[in-house]
Amino acid sequence: MDLNIGDIVKMKKQHPCGGFEWEILRNGMDFRIKCLKCGHQLMLPRGKFEKNIKEIVRKVKKSDDN
Ligand SMILES: [Zn+2]
């Protein structure tokens, strides 16, 4: 799955605050994501994160694509 910093993803599970959409703050072996509704941040291993994604809501265009 192609995931980049700044992308907004919708998760299958609802956050306790009621939000579904998260922004990617850091990617790699572990992902840091932020709930768009309450601002809560958490770290997830890549495999677990990808399994929980329902869809990518918004893609950020890579600036290094020529
Ligand atoms: Zn939340």
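What pattern does the chain follow, read along the sequence? In this predicted model, the pattern is β-β-β-β-α-β. The chain thus holds one helix and five strands. Its radius of gyration is 11 Å, close to the 11 Å that the globule rule gives for 66 residues, so the chain is as compact as a globular protein of that length. Along the principal axes, the C-alpha atoms fill a box of roughly 40 × 20 × 20 Å.

The five strands form an open sheet. Their order is β4-β3-β2-β1-β5, and the pairing is antiparallel. Strands β4 and β5 lie at the edges, each pairing on one side only. Strand β5 covers residues 53-58. From one strand to the next, the twist averages 40°. In general, strands of a sheet pair through backbone hydrogen bonds, either parallel or antiparallel.

One pairing can be followed residue by residue. Strand β3 spans residues 30-35, and strand β4 spans residues 41-45. Five bridges join the two strands in the antiparallel sense. Asp30 has Pro45 of β4 as its bridge partner. Lys34 is bridged to Gln41, also in β4. The two strands form a hairpin, with five residues between them. Gly39 sits in the turn and has a positive phi of about 85°.

Helix α1 covers residues 46-52 and includes Lys48. Is Lys48 buried or exposed? Lys48 has 10 other C-beta atoms within 10 Å. A residue counts as exposed at 12 or fewer, so Lys48 is exposed. Asp30, the β3 residue bridged to Pro45, lies 18 residues from Lys48 along the chain. The C-alpha atoms of Asp30 and Lys48 are separated by 9.4 Å.

Buried residues make up 8% of the 66 in the chain. Which residues make up the largest nonpolar core? This core has five members: Val9, Trp22, Phe31, Ile33 and Phe49. Phe31 and Ile33 fall within the span of β3, while Phe49 falls within that of helix α1. Val9 touches Trp22, another member of the core. Beyond four places in sequence, Val9 also touches Ile24, Ile53, Ile56 and Val57. Ile53, Ile56 and Val57 fall within the span of edge strand β5.

Contacts across the whole chain complete the description. Among contacts with a separation of 6 or more, 29% are between residues 24 or more positions apart.

Terms used. Residues numbered from 1 in each chain as written. Predicted model: local features only at pLDDT ≥ 70, side-chain atom pairs only at ≥ 80, totals over all residues. Core = buried A, V, L, I, M, F, W, Y, C linked by C-beta atoms within 7 Å. Buried ≥ 20, exposed ≤ 12 C-beta atoms within 10 Å, placed from the backbone. Contact = placed C-beta atoms within 7 Å. Pairing = 2+ DSSP bridges. Helix = DSSP H or I, 4+ residues; strand = E, 2+ residues; numbered from the N terminus. Rg over C-alpha atoms; globule rule 2.2 N^0.38 Å. Axes fitted to C-alpha atoms, helices over the stretch in contact; angles between N-to-C directions.
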